[in-house]
Amino acid sequence: MIEVKELRKSFEEVEVLKGITTTFDTGKVNLIIGQSGSGKTVFLKSLLNVYEPSSGAILFDGRDIMTMSREEKQGLRSEIGTVFQGSALFDSMTVEENISFPLDMFTNLTYREKKRKVLEVIGRVNLDKANKKYPSEISGGMQKRVAIARAIVNNPKYLFCDEPNSGLDPYTSNVIDDLLLEITKEYNTTTIINTHDMNSVMTIGEKILYLRLGIKEWEGNKDILATAKNKNLIDFVYSSELFKQLREFMLENNQTSLINDKPEDNEKNN
Ligand SMILES: Nc1ncnc2c1ncn2[C@@H]1O[C@H](COP(=O)(O)OP(=O)(O)OP(=O)(O)O)[C@@H](O)[C@H]1O
């Protein structure tokens, strides 16, 4: 679980994050959404301590990153898996070598132990036939799966993904979404994903945090999204004609979720 309390981040005179308080539960997929410039990347980078927050608290299962020693931060770093935009793979390394990288960096495992773990996650993301290939020899969707395999190879407690669907076709995006949801359950990770993909929001958004101008404008989940009353949120999520019509259809048919779950009554800040 990650708890965020009154998080603020300024760059010189400009305050980008204006006191965000929220909780991300273990074993859940948490999505951060919002218009360009709303502060999603600064928020994610603050959680990862790439940016030092100006004030507030960020607790990783009770451990406040703001008061940790350098060694404690390094220890925490080994518990975090990341999937960044563009997959960020090493071009000169094979799929297998790319995936082994965090084990080489953060563990003292033997070659055989690393190999076993790498082959296990390669199987998990269905890349068995690609392990000796280089990133340039595989598709964008496969590269994303390599990045996900690399993020989970060291059994992280926390999984951070920045725009995991960017540049992918809708079918491949669904494959990646399904994989991230399954992995979150199997590895019991606290998963936090920055996304612009409204399909992801409606299918895997177990928790959705909507940022606007650096504040938490709304939080909820995919099941209560269609009935949310926050106008800014509605304008943002249902800005495309297709999603607008889908929302109207769902409301008319009293079906607030794409999946037939019962909506939970936990909408806040609407
Ligand atoms: N290193 C930085 N120094 C100064 N200002 C920054 C820095 N990084 C981001 N900002 C500012 O913070 C604001 C939020 O930027 P951020 O990148 O977090 O937006 P975003 O919601 O992730 O946008 P997008 O969806 O386009 O990626 C912007 O006004 C941006 O100019």
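Select helices α3 (residues 95-106) and α4 (residues 111-124) in this predicted model. Their axes lie 10 Å apart and pack at an angle of about 120°; the two helices are therefore oblique to each other, since that angle falls in none of the parallel, antiparallel or perpendicular ranges. The crossing of α3 and α4 is right-handed. To display the contact, show Glu-96, Ile-99, Ser-100 and Leu-103 on α3, together with Lys-114, Lys-117, Val-118, Val-121 and Ile-122 on α4. By class, the residues of this contact comprise five nonpolar, one polar and three charged.

Remain on α3 and colour its buried positions. Which residues of α3 are buried? They are Val-95, Asn-98, Ile-99, Ser-100 and Pro-102. The cover over these buried residues includes α4 and α5.

Next, add α5 (residues 140-152) to the selection. The axes of α3 and α5 come within 7 Å and cross at roughly 30°. That angle is under 35 degrees, which makes α3 roughly parallel to α5. Here, too, the crossing of the pair is described as right-handed. On the α3 side, the contact is made by Val-95, Asn-98, Ile-99, Phe-101 and Pro-102, and on the α5 side by Val-146, Ala-149 and Arg-150. Sorted by class, the contact of α3 with α5 has six nonpolar, one polar and one charged residues.

Centre the view on Ala-149. With neighbours within four places in sequence left aside, which residues are in contact with Ala-149? They are Ile-99, Val-121, Ile-122, Arg-124, Val-125 and Leu-127. Among these, Ile-99 belongs to the α3 side of the α3 and α4 contact, while Val-121 and Ile-122 belong to the α4 side.

Now widen the selection to the largest nonpolar core, which has 55 residues. Those with the most contacts inside this core are Ile-32, Phe-43, Ile-99, Val-121, Ile-148 and Ala-149. The element that gives the most to the core is α5, with six residues. In soluble globular proteins, nonpolar side chains tend to be buried together.

From Ile-148, turn to the other partner of α5, helix α6 (residues 170-187). The axes of α5 and α6 come within 10 Å and cross at roughly 10°; the two helices are therefore roughly parallel to each other. Their crossing is right-handed. Show Gly-141, Lys-144, Arg-145, Ile-148 and Ile-152 of α5 against Thr-172, Val-175, Ile-176, Leu-179, Ile-183 and Tyr-187 of α6 to see the contact. Its residues divide into seven nonpolar, two polar and two charged.

Follow the chain out of α6 to Asn-188, in the loop between α6 and β8 (190-194). Phi of Asn-188 is near 55°, a positive value in a residue other than glycine. Is Asn-188 exposed or partly exposed? With 13 C-beta neighbours inside 10 Å, Asn-188 counts as partly exposed.

Finish at Glu-12, in the loop between β1 (2-11) and β2 (14-24). Glu-12 also has a positive phi, near 50°, and is not a glycine. Most residues other than glycine have a negative phi. Glu-12 is exposed, because 5 other C-beta atoms lie within 10 Å.

Methods:
Residues numbered from 1 in each chain as written. Predicted model: local features only at pLDDT ≥ 70, side-chain atom pairs only at ≥ 80, totals over all residues. Axes fitted to C-alpha atoms, helices over the stretch in contact; angles between N-to-C directions. Helix = DSSP H or I, 4+ residues; strand = E, 2+ residues; numbered from the N terminus. Parallel < 35°, antiparallel > 145°, perpendicular 65-115°, else oblique. Left-handed = near helix turned anticlockwise from the far one by under 90°. Contact = placed C-beta atoms within 7 Å. Nonpolar A, V, L, I, M, F, W, Y, C, P; charged D, E, K, R; others polar. Core = buried A, V, L, I, M, F, W, Y, C linked by C-beta atoms within 7 Å. Buried ≥ 20, exposed ≤ 12 C-beta atoms within 10 Å, placed from the backbone.
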